Amino acid sequence: MSDGSPYIRIDNVSRRYGPVCALEDLSVEIEQDEFIAILGPSGSGKSTLLRLIAGLDQPSTGKIFFKGQDVTDLPPHKRGIGMVFQEFLLFPHRTVRENLAFPLRMTKETPAKIAARLDWVEGVLSLGGLMDRYPNQLSGGQQQRVALGRGLVAHPTLLLLDEPLANLDRELRQEMEVEIRRYQKQLGIPFIYVTHNQEEALSMSDRVAVIHKGRLEAMGERQAIYDHPATPFVARFVGKSTRFDAVVEASGSSARLLHYNYSLPLDNTAALKPGAHVDVFVKNERFDMKPWEEERPGIPCAIVDVVLRGPFFEYILETDRRDRIIAVQPKRAEPIPIASRMLLSWNASQCHVFPVAG
Amino acid sequence: MAGRSDFLVKWLLGAILLLAYIFLYMPIAHILFASLSSHPNFPYPPEFNIDSYVRLYTNTVYQSAFANSLIIASCTAVLSTILGFLATVGILRFAGRRALIYAIFFASPLFVSEILLGISSMSLYYLVFGVAGNMLAAIIANSVHCFSFCFLIMASLLYKYDWRMNEAAIVCGASPVRSFFEVMLPLTWSGILSSLICAFVLSLNGLDISFYLLGATPTMPSVAWGALRYGVKPELYALSSIINITVFLAIILLYWRIRSDRKTEA
Amino acid sequence: MTGARYLQPRMYLHIPTLFLFLFFILPLIALVILSFWQTENYKIVRDWTILNYETLATVPAYITFFFRSLVMAIGVSLFLVVLSWPIAFFIVRYGGRFKLVLSLLLVIPFLSGEVLRLIALQGMLGPAGLVNGALVRLGGVPLRFIMYSDTASFIAFVYLYLPMVVTTIYLSLLNFDFRLASAASACGAGKFRIFIEVIWPLNLSGTLIGFLLSFIPTLSASLVPRFLGGPNGTLYGMSMAQQFGESGTWALGAAMGVVLFLFSAGALAILSLGVNLRRTGFTGMGRQ
């Protein structure tokens with residue numbers, strides 16, 4: 001951050017297995033104080049990317065730099081990283097204390113230094129009382145904290161996390177999301193966090209990299225990724241939304257839905273020609289739901305079911321064409337009764353329009 | 001993980017494996033060639049002369065010995081497989097905290113040498129019955145030894161079996177017997193069959209146990225042993241080759257069946 | 001509706017236990033009893049005495065046999081462990097789809113039984129056998145030491161028990177989670193450290209079992225020293241077998257057997273007590 005070059009630089013990295021391309025031409029720059037989430041569906045290549053950064057795998061092309069130094073050919077144990085695995089992978093034959101001390105012993109730290117670091121990590125991660133137990137004597141949440149501790153104990157350059165919360169139950173997960181972000185801010189090293197859970201990614205990170213079929217679909221501030229998705233995939237994958245078919249109207253400044261009598265103004269910066277087919281993505285919470293009235297513009301539909309989700313309602317609506325749409329609305333005293341006829345519309349600036357490929 | 005040293009290590013290890021195979025199979029191959037040759041001592045270049053096989057076919061001493069061995073081996077195979085199955089199911093299902101203790105106990109015959117099993121069984125029969133032994137005693141003593149093998153084989157193959165399958169069958173209306181035959185057996189037949197083959201072959205070829213419990217009654221290994229003492233005849237090579245090849249084929253066949261079963265399962 | 005269970009749960013364990021007790025434990029007890037008696041003129045005299053044990057402890061021949069067997073057993077077993085590790089490691093790491101075949105191919109020779117395999121070895125190593133015959137035909141000199149010598153016995157023991165040791169270590173490595181090696185690498189451990197700190201300790205129990213599975217049979221071997229050991233190659237097991245065979249001194253043989261058993265059990269106990277199960281990663285049996 002001080003001299004302008006990024007802390008971690010991934011430069012045009014690819015990973016091929018014969019004809020199959022797991023990662024293609026990926027470039028990412030990460031600053032020292034950032035929490036980066038790598039978000040993507042299963043098989044997108046996100047775990048491959050993490051393993052390349054860790055050194056557990058070699059890129060077919062491209063280079064990786066830590067603090068300006070080329071580490072592409074460096075094996076993992078010389079990269080000074082910390083890593084937390086989904087299955088924890090604590091050494092079953094060693095106590096918690098010995099697991100935590102392991103990275104320090106590998107760098108041949110003095111016993112005094114080791115003891116000091118162990119005390120530090122015990123305090124930061126609240127591991128008091130667990131130090132002399134074996135991993136199979138710990139609960140899932142405790143094991144996860146020990147795994148985190150083992151990743152952090154040796155002053156790593158960065159911490160890599162491979163879906164570490166996937167094996168925990170929901171409540172614990174939400175607690176840990178807050179905790180892990182807090183540790184990152186406290187320690188001031190980059191955390192690179194791989195997940196397929198977009199809620200996790202959005203709640204913990206500063207920036208999100210969305211990976212799909214081995215390519216970087218989008219990278220940016222988490223709010224920007226959510227509110228202004230760069231590609232149809234991001235629009236579909238991040239946040240829950242509904243997709244409509246539409247076509248650009250003759251004027252070029254509006255689009256009309258194909259199956260419904262509804263038009264929306266179009267901010268045509270992409271210079272789409274009239275008649276071009278487009279996808280319109282509307283996030284479920286952006287729907288404006290009003291009681292049905294004649295002559296009002298919108299999509300008519302009927303409420304089929306209501307799902308109570310804590311602070312909001314999910315209304316499941318069915319249109320005349322038997323399409324299902326989910327609209328999320330803030331909670332009221334009573335949900336709108338089932339079978340009520342409603343009209344859906346939305347603010348044109350709050351939807352995402354993309355040309356249809358091909 | 002630098003590629004080149006990995007490559008070297010891989011080929012070095014592979015070479016050691018290959019040497020191990022050669023070391024293990026060369027004597028067997030040598031005997032095969034010897035059985036097919038008119039110069040049993042140095043059968044190279046290899047011939048294809050089945051004289052010794054023909055002589056084997058007409059040799060009554062070998063035949064009766066072999067018949068005895070077959071009887072002992074089949075009975076031992078069945079007995080030790082049944083016991084091994086009971087032990088495996090018992091430990092995996094019903095033993096709870098004491099599972100490890102039972103497992104060690106059931107595996108303990110492996111750590112007592114065969115000869116010790118032989119002479120101790122012989123001592124018992126002598127003490128109790130005043131007699132050196134008989135076929136039944138030989139079968140039982142062999143079963144003790146083979147039982148441990150069967151137990152270990154079936155335990156390692158049944159370890160991953162999901163016992164809730166039995167419950168699923170029962171709630172579908174199957175009686176316990178039915179659920180065994182329809183649900184459990186198809187999924188575990190490989191363990192049972194491997195165990196049968198292994199016990200059969202081990203007791204067919206095992207000398208120490210049967211020898212002490214049968215005295216004068218000849219078994220195939222004891223006749224072979226006699227040949228070792230007084231001079232090996234080529235018929236012995238023929239018999240040995242037949243047994244080796246049969247065992248080899250049986251195991252390969254078993255492996256094929258297991259492979260194709262796994263494929264249809266997945 | 002429930003009616004009678006087909007087989008009471010407890011019976012599953014009781015039947016094999018009873019079987020083992022009757023036909024494994026009792027014979028051993030019988031052996032102990034016999035060792036305290038005497039044999040005279042091929043008849044057993046039920047005279048309680050510890051004469052047999054005195055004989056074993058004082059007659060130099062028996063002591064020699066025992067120590068020679070001990071040295072041979074330790075040497076063979078150590079060699080087999082060292083030899084088996086790379087083989088088992090290769091199959092597990094690089095075997096891929098062929099793991100099962102590769103390991104089965106190693107086991108099959110074992111099933112041929114001791115006698116047949118020794119016959120085969122004799123054919124190979126004997127004075128007129130493959131190795132020497134080839135050497136002679138090529139104009140060389142036959143190797144004397146590979147037959148009727150301690151070297152021959154050593155080779156034979158390795159030949160006999162290699163499959164068992166490899167299989168034991170193979171099974172142990174098969175159940176080893178190699179991702180722990182990745183975790184250790186990410187923690188800063190190089191290849192050598194990974195082996196010493198993670199791979200070896202977690203497979204120690206398997207290695208020890210393999211060691212014992214070759215140590216104990218070698219210690220008690222009777223056939224190998226008899227047919228390949230040569231005139232100075234008498235080993236303990238062979239001498240013990242002779243007590244029950246030619247010399248007809250069953251009581252002494254029984255005493256030798258008891259000593260052998262105690263020693264094997266002792267070795268087992270020492271090795272297993274020296275191994276803290278926890279420290280080799282054992283976390284419990286089975287999954288219920």
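**Exercise 1. The domains of chain B**

Determine into which domains chain B of this predicted model is divided, and what lies on the side of domain 1 that touches domain 2.

*Solution.* Step 1: the assignment splits chain B into domain 1, covering 1–49, and domain 2, covering 61–265. Step 2: taken over C-alpha atoms, the centres of these two domains of chain B are separated by 29 Å. Step 3: six residues from domain 1 of chain B and six residues from domain 2 of chain B take part in the contact. Step 4: on the side of domain 1 of chain B that touches domain 2 of chain B, five residues are nonpolar, one is polar and none is charged.

**Exercise 2. The build of chain B**

State how many helices and strands chain B has, and describe its extent and its contacts.

*Solution.* Step 1: chain B holds eleven helices and zero strands. Read from the N terminus, its elements therefore run α-α-α-α-α-α-α-α-α-α-α. Step 2: along the principal axes, the C-alpha atoms of chain B fill a box of roughly 70 × 65 × 35 Å. Step 3: of the 266 residues in chain B, 47% are buried. Step 4: consider the contacts in chain B between residues at least 6 apart in sequence; 76% of them join residues at least 24 apart.

**Exercise 3. The build of chain C**

Give the corresponding description of chain C: its secondary structure, its extent and its buried share.

*Solution.* Step 1: chain C comprises 13 helices and two strands. Step 2: its C-alpha trace spans about 75 × 70 × 40 Å along the principal axes. Step 3: buried residues account for 48% of the 288 residues in chain C. Step 4: among contacts in chain C with a separation of 6 or more, 68% are between residues 24 or more positions apart.

**Exercise 4. The interface of chains B and C**

Identify which helix of chain B supplies the largest share of the side that touches chain C, and classify the residues of that side.

*Solution.* Step 1: the interface brings 70 residues of chain B into contact with 69 residues of chain C. Step 2: the helices of chain B that each supply at least two residues to this side are α1 (3–35), α3 (60–94), α4 (99–107), α5 (114–129), α6, α8 (176–205), α10 (220–230) and α11 (234–265). Step 3: the largest share, 15 residues, comes from α1(B). Step 4: the side of chain B that touches chain C divides into 56 nonpolar residues, 13 polar residues and one charged residue.

**Exercise 5. A helix crossing between chains**

Work out how helix α6 of chain B is oriented relative to helix α1 of chain C, and name the residues that make the contact.

*Solution.* Step 1: the axes of α6(B), residues 135–158, and α1(C), residues 9–35, come within 10 Å and cross at roughly 105 degrees. Step 2: angles of 65 to 115 degrees count as roughly perpendicular, so α6(B) is roughly perpendicular to α1(C). Step 3: α6(B) contributes Ile140(B), Ala141(B) and Val144(B), while α1(C) contributes Leu20(C), Phe23(C) and Phe24(C). Step 4: the residues of this contact are six nonpolar, no polar and no charged. Step 5: the spacing of such residues can be related to a general rule. An α-helix has 3.6 residues a turn, so residues three or four places apart point the same way.

**Exercise 6. An enclosed helix of chain C**

Explain why helix α12 of chain C is described as largely enclosed, and state what its buried residues pack against.

*Solution.* Step 1: a residue is buried if 20 or more other C-beta atoms lie within 10 Å of its own. Step 2: eight of the nine residues of α12(C), which covers residues 236–244, are buried, so the rest of the structure largely encloses this helix. Step 3: the buried residues in α12(C) are Tyr236(C), Gly237(C), Met238(C), Ser239(C), Met240(C), Ala241(C), Gln243(C) and Phe244(C). Step 4: from chain B, α5 and α9 (208–214) pack against them. From chain C, the partners are α3 (60–94), α10 (204–219), α11 (223–228) and α13 (250–274).

**Exercise 7. Strand β19 of chain A**

Determine which strands of chain A pair with β19(A), and in which sense.

*Solution.* Step 1: β15(A), residues 288–291, runs antiparallel to β19(A), residues 341–345, and four bridges join them. Here Lys290(A) stands opposite Leu343(A). Step 2: β16(A), residues 299–309, also pairs with β19(A) in the antiparallel sense over four bridges. In this pairing Ala302(A) stands opposite Arg341(A).

Terms used: Residues are numbered from 1 along each chain as its sequence is written. Chains are lettered from A and ligands numbered from 1 in the order in which they are written. This is a predicted model: local features need pLDDT of at least 70, side-chain atom pairs count only at pLDDT 80 or more; totals for chains, interfaces and linings use all residues. Axes are lines fitted to C-alpha atoms, for helices over the stretch in contact, and angles run from 0 to 180 degrees between N-to-C directions. Angles under 35 degrees count as roughly parallel, over 145 as roughly antiparallel, 65 to 115 as roughly perpendicular and the rest as oblique. Two residues are in contact if their C-beta atoms, placed from the backbone, lie within 7 Å. Ala, Val, Leu, Ile, Met, Phe, Trp, Tyr, Cys and Pro count as nonpolar, Asp, Glu, Lys and Arg as charged, and the others, Gly among them, as polar. Two strands pair if DSSP finds at least two bridges between them. A residue is buried if 20 or more other C-beta atoms lie within 10 Å of its own, exposed if 12 or fewer, and partly exposed in between; C-beta atoms are placed from the backbone. Domain bounds come from an automatic or database domain assignment.
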